[in-house]
Amino acid sequence: MSTATNAILRLEQVCRRFGGVHAVNEVTLSVPAGTITGLIGPNGAGKTTVVNLVMGLLHLSSGRVLLDGADISRAEAPALAQAGVARTFQNIRLVPHATVLDNILAGYHRHETAGFWANLLGLPSARAEAAAHESKAVALLERFDMPMLAEHRAGGLSYGHQRRIEIMRALAMNPRVLLLDEPVAGMNDAEAASLGQIFRDVAAEGVAVLLIEHNMRFVTSVCSYLYALSSGRLIAEGAPDAVLKDAGVVQAYLGT
């Protein structure tokens, strides 16, 4: 069960209003370490808005976002990245003309310890750090079965490959909390299953994973706990099988 006591990330009565309309209305949820927690709902339910509120891209109208019990409701995205919160986007955001490797290396920026002048002058400390990050990026490419594409231009690759690059960049941040916004959208079952195993492995390393996804087969295969949103409100939570059979969830998706 997803509980407040063991959650790295917790939302408490979170609201976001646009004018008089609630995009998110009194949402409370917990994302524990070492598990994949799912957030589902029909289009327009408020799922991506929840992620944007966590990441500081939108400001809360009310409620709190907690990281390890500390209030991060007013923190901006750079500070959250430094704290170990990483995300992927519903619409892929890469540097299309840069190589696959360079896109992944961008994720290691928060781990840089060599100063500006050390990097500018190419001092040994800066070169050693850059080499270490490149080695880790290559290991990620191997984990995602893409080492042969390291020097390819990211924007010239398939949608599925670009999704993987974005996920690798997020993992390069060595996150404690990973927010995945529809990571297997547009993928076939085999591609989704491959990523699912990677996500399980990431969670097993102690990362708190929040997954937004419309692929219900995928959701039930990887998530241990599920929250369902409709019109900005939580309408069900619990074990995936039980949530997907909930009458309110069925009505929200099917309109019957």
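**Entry 1: a pair across two strands**

I looked up L179 first and found that it stands opposite L210 in β8. I was working on a predicted model, and I kept that in mind throughout. Next I checked the strands around this pair. Strand β7 covers residues 177–181, and β8 covers residues 208–212. The two run parallel, and five bridges join them.

**Entry 2: the sheet around that pair**

Which order do the six strands of this open sheet take? I read it as β6-β7-β8-β3-β9-β10. The pairing in this sheet is mixed. I then looked for the edges. They are β6, at 85–87, and β10, at 233–238. Each of these edge strands pairs on one side only. I also noted the twist, which averages 20° from one strand to the next.

**Entry 3: the four-stranded sheet**

I moved on to another open sheet, this one of four strands. Its order is β2-β1-β4-β5, and its pairing is antiparallel. Which strands stand at the edges? I found β2 (21–32) and β5 (70–71) there. Each has a single partner strand, so one side of each is left without a neighbour in the sheet.

I followed one pairing in detail. Strand β1, residues 7–18, pairs with β2 in the antiparallel sense over eight bridges. I picked out R16 and found its bridge partner in β2, which is V24.

**Entry 4: helix α1**

What lies across this sheet? I found α1 lying across β1, β2 and β4 (62–67). The helix runs at about 110° to β1. How many of the eight residues of α1 are buried? I noted seven, so I wrote the helix, residues 47–54, down as mostly covered. The buried residues are K47, T49, V50, V51, N52, L53 and V54. Just after α1 I came to G56, which takes a positive phi of about 80°.

**Entry 5: the largest pocket**

I turned to the pockets. The largest has a volume of about 380 Å³. I listed its lining at 19 residues. Nearest its centre lie M55, A77, A81, V85 and M173. Which element gives the largest share of this lining? It is α2, with four residues. I also checked which elements supply at least two residues each, and found α2 (77–83), β6 and α6 (159–172). By class, I noted eleven nonpolar, three polar and five charged residues in this lining.

**Entry 6: the second largest pocket**

The second largest pocket has a volume of about 200 Å³. I found 13 residues lining it. The closest to its centre are Y108, L171, A172, N174 and P175. Helices α5 (124–143) and α6 each supply at least two residues of this lining. I noted that α5 gives the most, with four residues. Seven residues of the lining are nonpolar, three are polar and three are charged.

**Entry 7: G160 in α6**

I ended with one residue of α6, G160. Is G160 buried or exposed? I read 14% relative accessibility for G160. Buried means under 20%, so G160 counts as buried. Then I looked up a distance from G160 to V184. These two residues are 24 residues apart along the chain. I found their C-alpha atoms separated by 8.0 Å.

Technical notes:
Residues are numbered from 1 along each chain as its sequence is written. This is a predicted model: local features need pLDDT of at least 70, side-chain atom pairs count only at pLDDT 80 or more; totals for chains, interfaces and linings use all residues. Side-chain values use heavy atoms; hydrogens and water are left out. Two strands pair if DSSP finds at least two bridges between them. Axes are lines fitted to C-alpha atoms, for helices over the stretch in contact, and angles run from 0 to 180 degrees between N-to-C directions. On a 1 Å grid over the protein atoms alone, a cavity is a set of points where a 1.4 Å probe fits but cannot get out, and a pocket is an open set with protein on both sides within 12 Å along at least five of seven lines; lining residues have an atom within 4 Å of a point. Grid points are joined across faces, edges and corners, and a volume is the space filled by probe spheres set on the points. Ala, Val, Leu, Ile, Met, Phe, Trp, Tyr, Cys and Pro count as nonpolar, Asp, Glu, Lys and Arg as charged, and the others, Gly among them, as polar. Buried means under 20% relative accessible area, exposed over 50%, partly exposed in between (1.4 Å probe, protein chains only). Contact means heavy atoms within 4.5 Å.
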